[in-house]
Amino acid sequence: MTNGFMGPPWQMDWTLKAQAARDALPEHVRKMIDAARAELVTADDPYFRGINADAGLSEDMLVEPARSSDPKGPRILHFDNGHGWLKYTFVRRTEDPQIVVEEIFWQ
């Protein structure tokens with residue numbers, strides 16, 4: 001256990017609904033989700049705040065707030081050029097910060 005705030009790689013959990021939705025998708029889509037997951041858990045700031053904060057993401061990914069009026073609230077990570085997205089929150093705790101995926105969608 002460390003005495004300060006922990007940094008990446010972050011822990012990631014899935015709600016049961018999101019995990020079931022992910023598991024029901026085709027294998028090639030799950031691989032895209034795994035790539036998106038890798039980007040999230042290694043990001044210095046999983047909320048990608050600031051100008052060009054998501055510049056390090058691949059071209060087919062984009063992160064934006066779920067609601068602009070809630071800057072510390074849920075985020076949506078678009079992947080596969082907007083054909084899919086996952087909604088997540090970042091629980092910023094000192095001892096065990098983690099990302100929680102709440103919803104996932106792909107078409």
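How many of the five residues of strand S3 (residues 75–79) are buried? The legends below take up this question in a predicted model.

**View 1. Strand S3 and its surroundings.** Strand S3 covers residues 75–79, and five of the five are buried. The strand is therefore largely enclosed by the rest of the structure. Buried here means under 20% relative accessible area. Both faces of S3 are covered. On one side sit Arg75, Leu77 and Phe79. On the other side sit Ile76 and His78.

**View 2. S3 paired with S2.** Strand S2 spans residues 62–65. S2 and S3 run antiparallel and share four bridges. One residue pair to look for is Glu64 and Ile76, where Ile76 in S3 is the bridge partner.

**View 3. S3 paired with S4.** Strand S4 spans residues 84–91. S3 and S4 are antiparallel too, with five bridges between them. Ile76 stands opposite Lys87 in S4. His78 stands opposite Trp85, also in S4. S3 and S4 form a hairpin with four residues between the strands. In this hairpin, Asp80 takes a positive phi near 55 degrees.

**View 4. The whole sheet.** Five strands make an open sheet, and their order is S1-S5-S4-S3-S2. The pairing is mixed. S1 (11–14) and S2 stand at the edges. Each has a single partner strand, so one side of each is left without a neighbour in the sheet. From one strand to the next, the twist averages 30 degrees.

**View 5. Helices and the sheet.** Helix H1, residues 16–23, lies across S1 and S5. Strand S5 covers 98–106, and H1 runs at about 45 degrees to this strand. Helix H2, residues 27–42, packs on the sheet. The strands that H2 touches are S1, S3, S4 and S5. The direction of H2 makes about 150 degrees with that of S5.

**View 6. Pro74, in the loop between S2 and S3.** Where is Pro74 found? This residue is in the loop between S2 and S3. Which residues does Pro74 contact, leaving aside its neighbours within four places in sequence? They are Pro65, Ala66, Lys87, Tyr88 and Thr89. Lys87 has appeared before, as the residue opposite Ile76. Pro74 and Glu102 are 28 residues apart along the chain. Their C-alpha atoms are separated by 9.0 Å.

Key
Residues are numbered from 1 along each chain as its sequence is written. This is a predicted model: local features need pLDDT of at least 70, side-chain atom pairs count only at pLDDT 80 or more; totals for chains, interfaces and linings use all residues. Side-chain values use heavy atoms; hydrogens and water are left out. Buried means under 20% relative accessible area, exposed over 50%, partly exposed in between (1.4 Å probe, protein chains only). Helices (H or I, at least four residues) and strands (E, at least two) are DSSP runs, numbered from the N terminus. Two strands pair if DSSP finds at least two bridges between them. Axes are lines fitted to C-alpha atoms, for helices over the stretch in contact, and angles run from 0 to 180 degrees between N-to-C directions. Contact means heavy atoms within 4.5 Å.
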